[in-house]
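I opened this notebook to keep a record of what I looked up, one topic at a time. The entries below follow the order in which I went through the structure.

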Amino acid sequence: MMQVSIDPNEIEQVLRDLVAIPSVNPAFPGGSGEGAVGAYVKKYLSLQGIPCVEQEVEPGRSNVIGMLPGSAGGAALLFEAHMDTVQTSGMTIDPFAGKAANGRLYGRGACDTKGSLAGMLVAMSALRRSGLPLPVGVHLAAVVDEEYRYKGVSALAEAISSGRFDYSAAVVGEPTGLHRVVAHKGCVRFHIETRGIAGHSSAPANGNNAIERMVEVLNFLRTEIEPEYARMTHPLVGPPTHCISEISGGDAPNTIPGSCRITVDRRTIPGEEPMEVWRGLRDRLLRLEMRVPGLTLTVGEPFIIDYAMEVPADSRILRQLGRSVAKAANGKREYGAAYGTDASKLARVGVPSVVFGPGSIEQAHTDEESVELAEVTAAAAALVDLVLHYGED
Ligand SMILES: [Zn+2]
């Protein structure tokens, strides 16, 4: 097999270009959206002779999908990376300078996840320039809105389920330090509200303290629900968890609080359905309400759900990506992650998806975000190798 090499200078140039184009998610402070990065991706691929389509997700926000045909036709391999970043407030370096030092490139998104996107872009162009027949077609989807509502990958998933695109597997670019995330958690987030009777706080017995009632709920979650998680431990991602992530209640220092509200962030494991988990918790909380005097509560409908995912152990993408990464970098492994990614939305529509990319998750969203350039180059080399050997067993 002919060797297709990755040019580290091209990696650095493309990553610097991507970092220099602001693409803060519009849901965050100062967010200008992904449009300019999308235009760059389209231009870069077009200059390589790689055709692109845009998929409008909402006005002014489009996924850009570049397509390299395979020699045999059939389902393609998907490379997916998000174009949006989190906000730049609090950053102690210039977020858009794209400064390189000590083998690293600095700036917002360098690690999460423009490093992955740069590696995928350069891998696509290296494959194209090689002129080699590809055993499998490759699409690169640069998508919007991963950092907030997953609208980009959701639109892509819809296009997959409607038959517009056909993928046998996907590599989702996120900073995994070149390890392979083959399972991750999902979540369901919802509010619980307790209601009491407000009154003058000099006579607490005359009212019903909604904060005190919430304590009953918190105790129930801690002493009856939480201990059950250990028995449900998943071999790769560990047990489910929940976190009471917000609480608010009361109106004034001298008034018995009439209401109190918490937010529950329940992390799900592969095999758990977020809505079923929520229904189960709601039913048990409603039974708690029956048995605790004075407790009146409402369990809100989930305001965010996301799915856990797990790549089937016999998937070709696991075998092939494992071999390709081993050629490009030493000591990399498969593991399960507690955070969510776009991969779960692709897995939902039948595309086995491995999360893989350069950079450390500890660098993501930080004040001096950066990525090691050699890792980006290694990621691109692994992706090229994956494509060239994809047909083999
Ligand atoms: Zn990310």
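**Entry 1, strand β6.** Working from a predicted model, I began with strand β6, residues 138-143, and asked how many of its residues are buried. I found that six of the six are buried, so the strand is largely enclosed by the rest of the structure. I then sorted the side chains by direction, and noted that V138, L140 and A142 point one way from β6, while H139, A141 and V143 point the other way. This fits what I know of strands in general, since in a regular strand the side chains alternate between the two faces of the sheet. In β6 the residues pointing either way are all buried.

**Entry 2, the partners of β6.** Next I looked up which strands pair with β6, and in which sense they run. Strand β2, residues 61-68, is joined to β6 by five bridges, and these two strands run antiparallel; here I could place V64 opposite A142 of β6. Strand β3, residues 76-82, pairs with β6 in the parallel sense over six bridges, and in this case I found H82 standing opposite V143 of β6.

**Entry 3, a sheet of three strands.** I then turned to an open sheet whose three strands come in the order β4-β5-β19, with antiparallel pairing. The edges are taken by β4 (100-101) and β19 (370-372), each of which has a single partner strand, so one side of each is left without a neighbour in the sheet. Between β4 and β5, the latter covering residues 104-106, I noted two bridges, and the bridge partner of A100 in β5 is L105.

**Entry 4, helices on that sheet.** Which helix lies across β5 and β19? I found that helix α3, residues 110-130, does so, running at about 45° to β19. Helix α9, residues 373-388, also packs on the sheet, where it touches β4, β5 and β19, and its direction makes about 60° with that of β19.

**Entry 5, residue N25.** Last, I looked up N25, which lies in the loop between α1 (8-20) and α2 (35-47), and asked whether this residue is buried or exposed. Its relative accessible area is 0%, and because buried means under 20%, N25 counts as buried. Leaving aside neighbours within four places in sequence, I listed the contacts of N25 as G31, E34, R61, D84, T85, D145, E147 and Y148. With D145, one of these, N25 shares a polar contact of 2.9 Å between the two side chains.

Conventions
Residues are numbered from 1 along each chain as its sequence is written. This is a predicted model: local features need pLDDT of at least 70, side-chain atom pairs count only at pLDDT 80 or more; totals for chains, interfaces and linings use all residues. Side-chain values use heavy atoms; hydrogens and water are left out. Buried means under 20% relative accessible area, exposed over 50%, partly exposed in between (1.4 Å probe, protein chains only). Two strands pair if DSSP finds at least two bridges between them. Contact means heavy atoms within 4.5 Å. Axes are lines fitted to C-alpha atoms, for helices over the stretch in contact, and angles run from 0 to 180 degrees between N-to-C directions. A polar contact is a pair of N or O atoms within 3.5 Å; within protein, one must be able to donate a hydrogen and the other to accept it, and residues adjacent in sequence count only if both atoms are side-chain atoms.
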